[in-house]
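Biologist: Could you take me through one part of this model up close? I'd like the aromatic rings and whatever packs around them, residue by residue.

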Amino acid sequence: MRKLIVTAAAAALLATGGAAFAAVKHTTGTVKSFDGTAMSLVLDDGSTFTLSKAFKDPGLQAGEKVRVSWDMSGKNKVAEAVKIMK
């Protein structure tokens, strides 16, 4: 019984540890290009993001400073939200 509890506790610890690595990341920069049809955003530093299907365009235009909340999906950076900085 003790062995089962230790194994379950170890499994729970490993499962929660992986969640920490899946945290949303944030990047700030200036919009170089935005394509609402292709659902892509490129910042002036070369960072390229694919926009999620739930993305709502806040009126992005080239030259605007933005904060991008993103996460990795395979090899792609997927932007969950983009906020225009004032």
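Modeller: Here is a walk from the whole chain to the rings, and then out to the strand beside them.

Keep in mind that this is a predicted model. The protein has 1 helix and 5 strands, and from the N terminus the order is α-β-β-β-β-β. It has 86 residues, and 22% of them count as buried. Contacts between residues 24 or more positions apart make up 44% of those with a separation of 6 or more. About 6,100 Å² is exposed, with carbon and sulfur atoms supplying 60% of that area.

Now the rings. There are 2 aromatic pairs in the structure. One of them joins F34 and F55: the ring centres are 6.3 Å apart and the planes meet at 55 degrees, so this pair is tilted. For an edge-to-face label the angle would have to be over 60 degrees. The two partners come from distant parts of the chain, 21 residues apart. F34 belongs to strand β1, residues 25-35, while F55 is in the loop between β3 (48-51) and β4 (65-73). Their burial is worth a look too: F34 is partly exposed at 24% relative accessible area, whereas F55, at 12%, counts as buried. The cut-off for buried is under 20%, so F34 misses it and F55 meets it.

F55 also leads us into the largest nonpolar core, which has 12 residues. Among the other members are V31, L41, L43, F49, L51, V68, W70 and A79. The elements giving two or more residues to this core are β2 (40-43), β3, β4 and β5 (76-84), and β4 provides the largest share, with 3 residues. As a general point, nonpolar side chains in soluble globular proteins tend to be buried together.

Take F49 as a way to see the packing in this core. Beyond its neighbours within four places in sequence, F49 is in contact with T27, M39, S40, L41, L43, V68, W70, K77 and A79. Several of those names come back around W70, another member of the core. K77 lies over the face of the W70 ring, 5.0 Å from the ring centre. K25 also lies over the face of W70, at 5.4 Å from the centre.

Next, have a look at S69, in strand β4. S69 is buried, with 15% relative accessible area. The S69 side chain makes a polar contact of 3.0 Å with the side chain of H26. Leaving out residues up to four places away in sequence, S69 touches V24, K25, H26, V78, A79, E80 and A81. So K25, one of the lysines over W70, turns up again here as a contact of S69.

Strand β4 also holds K65, and the picture there is a contrast in burial: K65 is partly exposed, at 46% relative accessible area. Setting aside neighbours within four places in sequence, K65 contacts G29, T30, K83, I84 and M85. If you want a distance to check in your viewer, try K65 and K32: they are 33 residues apart along the chain, and their C-alpha atoms are separated by 9.7 Å.

Terms used
Residues numbered from 1 in each chain as written. Predicted model: local features only at pLDDT ≥ 70, side-chain atom pairs only at ≥ 80, totals over all residues. Heavy atoms only, no water. Phe/Tyr/Trp six-rings, centres within 6.5 Å; stacked < 30°, edge-to-face > 60°. Helix = DSSP H or I, 4+ residues; strand = E, 2+ residues; numbered from the N terminus. Buried < 20%, exposed > 50% of the residue type's maximum accessible area, 1.4 Å probe, protein only. Lys NZ or Arg CZ within 6 Å of the ring centre and 35° of its normal. Contact = heavy atoms within 4.5 Å. Areas by Shrake-Rupley, 256 points an atom, 1.4 Å probe, with all protein chains shown as cover. Polar contact = N/O pair within 3.5 Å; in protein donor to acceptor, adjacent residues only side chain to side chain. Core = buried A, V, L, I, M, F, W, Y, C linked by side-chain atoms within 4.5 Å.
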